[in-house]
Amino acid sequence: MGGCCPPMDLLRSEPMQLVQLIVPIESAHLTVSYLGDLGLFQFKDLNTDKSPFQRTYAAQIKKFGEMARKLRFFKDQMTKAGLTPSIKSISRADINVDDLEIKLVELEAELVELNANGEKLQRAYSELMESKIVLQKVGNFFMQLKVEQLQGIEKLNHRVLVKTL
């Protein structure tokens with residue numbers, strides 16, 4: 001490298017500069033995403049004196065928390081179904097968070113409905129199986145009665161024949 005600084009080693013970082021970027025709110029997400037993808041920047045919080053609820057992005061944090069909850073729900077449902085969720089990293093920074101949120105809401109509603117329908121089907125199946133077993137037992141009972149009745153009639157006929165002979 002040369003110059004005034006020794007070469008970089010494991011315990012020493014390269015020379016840094018502190019800069020302040022002022023970015024319009026409309027492009028802040030995309031700008032920070034692109035800079036983060038470069039891996040050459042470290043971000044510093046300039047609002048350490050504010051509580052999380054006083055920050056301008058508190059609503060976004062709640063939205064992301066809700067989206068994370070939905071993703072955990074999807075993962076749990078996949079695991080419950082015996083599927084292994086795959087982890088794919090997406091390097092695109094142009095993902096529209098609002099579109100993603102809408103898609104997650106739709107998928108969650110669909111999955112909740114599928115779960116409810118699955119429970120209804122399971123209940124109906126259990127009721128039908130119970131009815132089938134009851135009908136089989138009742139059928140066996142009546143068949144046994146019929147057999148006993150036929151045996152009784154046969155015995156009566158046999159007695160009548162024996163007396164007449």
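**Exercise 1. Work out what share of the chain is buried, and describe its overall make-up.**

Solution. Start with burial: of the 165 residues in the chain, 8% are buried, meaning under 20% relative accessible area, with exposed set at over 50% and partly exposed in between (1.4 Å probe, protein chains only). Keep in mind that this is a predicted model, where local features need pLDDT of at least 70 and side-chain atom pairs count only at pLDDT 80 or more, while totals for chains, interfaces and linings use all residues. Residues are numbered from 1 along each chain as its sequence is written, and side-chain values use heavy atoms, leaving out hydrogens and water.

Next, the surface: about 15,300 Å² is accessible (Shrake-Rupley method, 1.4 Å probe), and carbon and sulfur atoms account for 61% of that.

Then the elements: the chain has three helices and zero strands, in the order α-α-α from the N terminus. Helices here are DSSP runs of H or I with at least four residues, and strands are E runs of at least two.

**Exercise 2. Describe how α2 packs against α3.**

Solution. First, get the geometry: α2 (residues 58-80) and α3 (residues 97-164) pack at about 40°, their axes 10 Å apart. The axes are lines fitted to C-alpha atoms over the stretch in contact, and the angles run from 0 to 180 degrees between N-to-C directions. That angle makes α2 oblique to α3, since under 35 degrees is roughly parallel, over 145 roughly antiparallel, 65 to 115 roughly perpendicular, and the rest oblique.

Now look at who touches whom (contact means heavy atoms within 4.5 Å). On the α2 side, the residues include Phe64, Met67, Lys70 and Phe74; on the α3 side, Leu100, Leu104, Glu108 and Leu111 are among them. The residues of this contact split into 12 nonpolar, two polar and six charged.

**Exercise 3. Is lysine 70 buried or exposed, and what does it touch?**

Solution. Place the residue: lysine 70 is in helix α2. Its relative accessibility is 7%, so lysine 70 counts as buried. Skipping residues up to four places away in sequence, lysine 70 touches Leu104, Val105 and Glu108.

**Exercise 4. Do the same for proline 85.**

Solution. Proline 85 lies in the loop between α2 and α3. At 32% relative accessibility, proline 85 is partly exposed. Beyond its neighbours within four places in sequence, proline 85 contacts Lys75, Met78 and Thr79. With lysine 75, the C-alpha to C-alpha gap is 6.4 Å, though the two are 10 residues apart in sequence.

Key. Nonpolar A, V, L, I, M, F, W, Y, C, P; charged D, E, K, R; others polar.
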